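Biologist: I should like to go through the terms used for this model and to hear the reasoning behind each of them.

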Amino acid sequence: MEKRCKICGLPEHYAKIKFDEKGVCNYCNFYLENQKFLEDSEKLEKIFQEKMEAAKRKAKENGSKYDCLVGFSGGKDSTYIIRQLKEKYGMRVLALTFQNAFATEYGRKNIENALQKIHVDHITFSMNDKELRKMYTTCVNMLHNFCAVCFHYMHYYSYLFAGQNGIPIIVNGRTKGQMWQAALEKRLLEPFETSHSLLEFEHQMFHGLEEKLQKHGKVDYLEDVRAEAISYFAYHDVSEEETMRTLEESIGWTRSKRGHEDCYAHAMAEHMSILKRGFPIRQGELAVEVRRGKMTIEEMDRILKQDVGLYSVVPEETKQQFEDRIQRK
Ligand SMILES: [Zn+2]
């Protein structure tokens, strides 16, 4: 039988995993060493408030119309944080939707509805489609993954627009699971440290690949743009259920029937993860919740089993739709 971490249940083929003599993984040990700070809600709330106040002062100095920029996918997390930033923290928010290749009707409707209820300025941006398709193709061929492309361009344009408009801070809706699933050191990891440039920010996603790409001049990292990136959920302990309930009550939010309904290629991303890494995308994220004591290993296994059932085989039609969209060469 495959070895698994005694605490979080991560399997031995998880990236960079090591077990100690008690059968506990290095991800759990890193978490346990830092648990006190990572889960200190009161202290983290204070840090977050200070950062928001600093951003307001900086925006004023810059003569900016906005205190922060937020990427707005139409999913629940980004909608929730836009609402919180405006209503609770009094921030002047510029919402930015990166119109990628895989936007869905569900996402578009959510964006439209949210903007009628939460009054913030909003820009939608689409990039040169040929360039975008080229990147998807490269990424799928090399990494068997394409989520990184949307991640990169969403943040690339966030930095570009923040720089052009003197906006000092970019707030994102990554969950604790997404942030901490690969966390083994404090460098550039929130809440220990925030990043202040696109290159630093991407370290959290690419763990060193971004530095190689920059060194070889493969990717433009907007080196003259300085803006702080901050993840709302690193400082707030909000469950998925609470996020959705708040949105339902405040803006008449519609729940999606399955996860990630703001991206029609999600099934393909899951499919590639299962083939390449041997588990669904959520493996690392859910293990974070188990580690934090928010979920049992059994509950995690049930969800993962369901994902494996859903995505191990994807219909030809879904594959074809994906291939047609990225026009892989
Ligand atoms: Zn573990």
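Modeller: A residue is called buried if 20 or more other C-beta atoms lie within 10 Å of its own, exposed if 12 or fewer, and partly exposed in between. The model is a predicted one.

Biologist: What makes helix 3 largely enclosed by the rest of the structure?

Modeller: Nine of the twelve residues of helix 3 meet the criterion for buried, so the helix is largely enclosed. Among them are Lys-76, Asp-77, Tyr-80, Ile-81 and Arg-83. The buried residues of helix 3 pack against strand 1, strand 2, strand 4 (169–172), helix 4 (105–117) and helix 10 (240–251).

Biologist: How do you know that the span of helix 3 (residues 76–87) is close to the expected one?

Modeller: The expected span is 1.5 Å times one less than the number of residues. Helix 3 has twelve residues, for which 16 Å is expected, and its first and last C-alpha atoms are 16 Å apart.

Biologist: Why is Gln-214 called partly exposed?

Modeller: Gln-214 has 16 C-beta neighbours inside 10 Å. Buried requires 20 or more and exposed requires 12 or fewer, so Gln-214 counts as partly exposed. Gln-214 belongs to helix 9 (residues 209–215). Beyond its neighbours within four places in sequence, Gln-214 is in contact with Leu-199, Val-219 and Tyr-221.

Biologist: How do you know that strand 1 and strand 2 pair?

Modeller: Pairing requires at least two bridges. Strand 1 (residues 68–71) and strand 2 (residues 93–98) are joined over four bridges, in the parallel sense. Cys-68 is opposite Val-93 in strand 2, and Val-70 has Ala-95 as its bridge partner there. Between these two strands the chain passes through helix 3, in a right-handed β-α-β crossover.

Biologist: What makes strand 4 a partner of strand 1 as well?

Modeller: Strand 1 and strand 4 share three bridges, again in the parallel sense, where two would suffice. Here Val-70 stands opposite Val-171.

Biologist: Which residues of strand 1 point which way, and are they buried or exposed?

Modeller: Cys-68 and Val-70 point one way, Leu-69 and Gly-71 point the other way, and all are buried. In a regular strand, side chains alternate between the two faces of the sheet.

Biologist: Why are strand 3 (121–125) and strand 5 (228–231) said to stand at the edges?

Modeller: The five strands form an open sheet in the order 3-2-1-4-5, with parallel pairing. Strand 3 and strand 5 each have a single partner strand, so one side of each is without a neighbour in the sheet. From one strand to the next, the twist averages 25°.

Note on methods. Residues numbered from 1 in each chain as written. Predicted model: local features only at pLDDT ≥ 70, side-chain atom pairs only at ≥ 80, totals over all residues. Contact = placed C-beta atoms within 7 Å. Axes fitted to C-alpha atoms, helices over the stretch in contact; angles between N-to-C directions. Right-handed = clockwise from strand over helix to strand, strands pointing away.
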